[in-house]
Every structure is written in C-alpha cells, then in structure tokens.
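Work through the exercises below with the sequence and the model side by side, and try each task before reading its solution.

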Amino acid sequence: MLPLSGIQHYMFCPRQWALIHLEQQWSDNYLTAEGKLLHKRVDNPMIRQTNGTNVVTLRGIRIESARLGLSGIADALELHPFDGAPTEKRKLLKSKMYTALPVEYKRGHTKTNDCDRVQVGAQAMILEEMLGVAINRAAIFYWEERHREYIDIDNSLRSKILHLSDQMHAMLKSGESPAPIKTKSCKSCSLANTCMPSTENKSASKYLKSYLDEEIT
C-alpha cells in the first residue's frame with residue numbers, strides 16, 4: 001500500500017517521488033512547513049461540524065483502497081443529507097442517504113496543472129470503494145485565496161489516477177529511481193540539493209575530494 005500523498009509527488013516529479021518513497025529521503029522547506037501547519041489545523045478527527053446547516057463535516061478520515069493500492073488521510077468529507085435522512089452520523093452513513101463531497105485543503109493558490117485535482121480525485125475514488133456510494137464531485141480549498149474550487153470526478157480524471165497508480169507501483173517494484181532532470185520546478189523542491197547536490201562550479205575531482213574530506217571529518 002503506497003501513501004496517497006505520493007500521487008502528487010509523482011505528478012510534480014517522478015524522481016522526487018522515488019527519493020521519498022524508494023530512498024526514504026526527505027527535507028522540509030518553508031512550503032512544506034506551511035502545508036504541515038495548515039493540515040494540523042484541518043485534520044482533526046475529533047471535529048464534527050455542521051456549520052449551522054444539516055451538512056455534516058468529518059475530518060482527518062483514514063482511507064485506503066485495495067484497487068488503487070493507496071492509503072492516507074482525507075482532510076474533510078462533507079455529507080449532504082437527502083430529505084428524510086437520519087440526523088445521527090452513524091445512522092446517516094449506514095443509510096447512504098447523502099451526497100458525499102471530499103474537500104482537500106491547500107496552502108497556496110489554484111494551479112494550472114492537475115496535481116491537486118488528481119489528489120482529491122483519488123480520495124473520491126477511495127471513498128467510493130469504502131462507503132459504497134457514487135462520488136462525482138469534489139472540492140479544493142486554497143488557503144491563500146480563501147477560495148473553494150469544485151471539480152468533476154469524470155472518466156478522464158479517473159483514468160489518469162489509475163494510470164498514475166500503476167506507474168508508481170511499477171517503479172516501486174523496479175526499485176530504481178529515475179535520473180535527475182533539471183527543470184524550473186526544482187527551485188521549489190525541498191529535495192533539490194539531495195537530488196542534484198551543488199558543485200559550486202568546482203571540477204568533479206575537487207568536488208569529490210571535498211565531499212570525501214567532509215565524510216572523514
């Protein structure tokens with residue numbers, strides 16, 4: 001079972017995914033630190049909100065899928081009851097008389113790529129498997145913009161998620177990390193120096209000598 005959060009790492013950069021999940025490398029930068037603080041506030045499983053309506057919000061839900069081979073924690077799941085549905089949470093879940101809306105919280109702003117949409121889409125697919133209900137819509141709340149983006153869980157997104165899951169499991173099975181490729185995305189990666197250590201314009205022999213000297217001392 002692979003971590004659900006890894007699907008976003010893989011979309012950002014397959015090598016970053018391999019460094020984290022194959023080589024067990026990790027380093028925080030201000031972006032990852034801010035993200036952790038946000039999720040610490042959001043992922044409290046003891047919170048059950050109604051927000052002044054009949055909508056029930058469950059937080060910090062542990063989820064896993066045998067089909068996708070992914071597991072993790074969903075930030076929030078909103079249950080929008082049908083008319084006449086039970087009001088007690090357990091009875092409501094058992095009745096399946098609700099529309100389920102997964103909500104993912106992000107520190108930044110709306111992105112042009114699909115990495116956030118894929119993550120919350122994967123959550124929707126896992127929750128469908130666990131709850132036995134159809135989920136055709138999800139939302140992403142961007143903290144920087146104070147804006148909620150709604151997305152459709154359509155066949156195109158589902159196919160992309162299945163393909164990414166297959167790719168991650170294939171790389172895990174191979175045990176091989178991709179070679180580094182420098183792109184503009186490297187600037188925001190917390191593992192940039194682990195991935196491609198700076199040689200500070202030294203020759204290869206001088207760089208290796210300084211590295212070995214550091215190891216000896």
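The exercises that follow go from the whole chain to single elements and residues of this predicted model.

**Exercise 1. The chain as a whole**

Task: State how many helices and strands the chain has, and what percentage of its residues is buried.

Solution: Begin with the secondary structure, which comes to eight helices and seven strands. Next, take the chain's 217 residues, of which 38% are buried. Finally, consider the contacts in the chain with a separation of 6 or more, for which residues 24 or more positions apart account for 60%.

**Exercise 2. The surroundings of helix H2**

Task: Determine which residues of helix H2 are buried, and name elements that are included in what covers them.

Solution: Helix H2 spans residues 14-21, and seven of its eight residues are buried, so that the helix is mostly covered. Going along the helix, the buried residues are Arg 15, Gln 16, Trp 17, Ala 18, Leu 19, Ile 20 and His 21. The cover over these buried residues includes strand S1 (2-3) and helix H1 (6-12), and also helix H6 (155-174) and helix H7 (192-195).

**Exercise 3. Ile 20 within H2**

Task: Decide whether Ile 20 is buried or exposed, and list its contacts beyond its neighbours within four places in sequence.

Solution: First place the residue, which lies in helix H2. Ile 20 has a relative accessibility of 12%, and because the cut-off for buried is under 20%, it counts as buried. Then set aside the neighbours within four places in sequence, and the contacts of Ile 20 are His 9, Gln 25, Trp 26 and Leu 191. As a further step, compare positions in sequence and in space: Ile 20 and Gly 6 are 14 residues apart along the chain, and their C-alpha atoms are separated by 8.5 Å.

**Exercise 4. The second largest pocket**

Task: Describe the lining of the second largest pocket, and find which element gives the largest share of it.

Solution: The second largest pocket has a volume of about 430 Å³. Its lining consists of 23 residues, and those nearest its centre are Ile 181, Lys 182, Cys 186, Cys 195 and Met 196. The elements that give two or more residues to this lining are H2 and H7, and the largest share, four residues, comes from H2. Sorting the lining residues of this pocket by character gives 14 nonpolar, five polar and four charged.

**Exercise 5. Strand S6 and its partners**

Task: Work out in which sense, parallel or antiparallel, strand S6 pairs with S5 and with S7, and give the handedness of the crossover that leads from S5 to S6.

Solution: Strand S6 covers residues 137-142 and is mostly covered, with five of its six residues buried. On the side of strand S5 (residues 98-106), four bridges join the two strands, which run parallel, and in this pairing Val 103 stands opposite Ala 139 in S6. The chain passes from S5 through helix H5 (residues 115-131) to S6, and this β-α-β crossover is right-handed. With strand S7 (residues 147-152), by contrast, S6 pairs in the antiparallel sense over six bridges, and here Ala 138 stands opposite Ile 151 in S7.

**Exercise 6. Positive phi in two loops**

Task: Locate Gln 24 and Arg 146, and state for each whether it is buried or exposed.

Solution: The background to this task is that most residues other than glycine have a negative phi. Gln 24 has a positive phi near 55° although it is a residue other than glycine. This residue lies in the loop between H2 and helix H3 (30-42), and with a relative accessible area of 62% Gln 24 is exposed. Arg 146, which is not a glycine either, has a positive phi of about 50°. Its place is in the loop between S6 and S7, a hairpin with four residues between the strands. At 55% relative accessibility, Arg 146 counts as exposed, because the cut-off is over 50%.

**Exercise 7. An exposed residue in a strand**

Task: Characterise Arg 62 by its element, its exposure and its contacts.

Solution: Arg 62 lies in strand S3 (residues 56-65), and its relative accessible area of 66% makes it exposed. Not counting residues up to four places away in sequence, Arg 62 touches Gly 72, Ile 73 and Met 130. Lastly, Arg 62 and Ala 74 are twelve residues apart in sequence, with 6.5 Å from C-alpha to C-alpha.

Terms used:
Residues numbered from 1 in each chain as written. Predicted model: local features only at pLDDT ≥ 70, side-chain atom pairs only at ≥ 80, totals over all residues. Heavy atoms only, no water. Buried < 20%, exposed > 50% of the residue type's maximum accessible area, 1.4 Å probe, protein only. Contact = heavy atoms within 4.5 Å. Pairing = 2+ DSSP bridges. Right-handed = clockwise from strand over helix to strand, strands pointing away. 1 Å grid on protein atoms, 1.4 Å probe; cavity = no way out; pocket = protein on both sides within 12 Å on 5 of 7 lines; lining within 4 Å. Points joined across faces, edges and corners; volume = space filled by probe spheres on them. Nonpolar A, V, L, I, M, F, W, Y, C, P; charged D, E, K, R; others polar.
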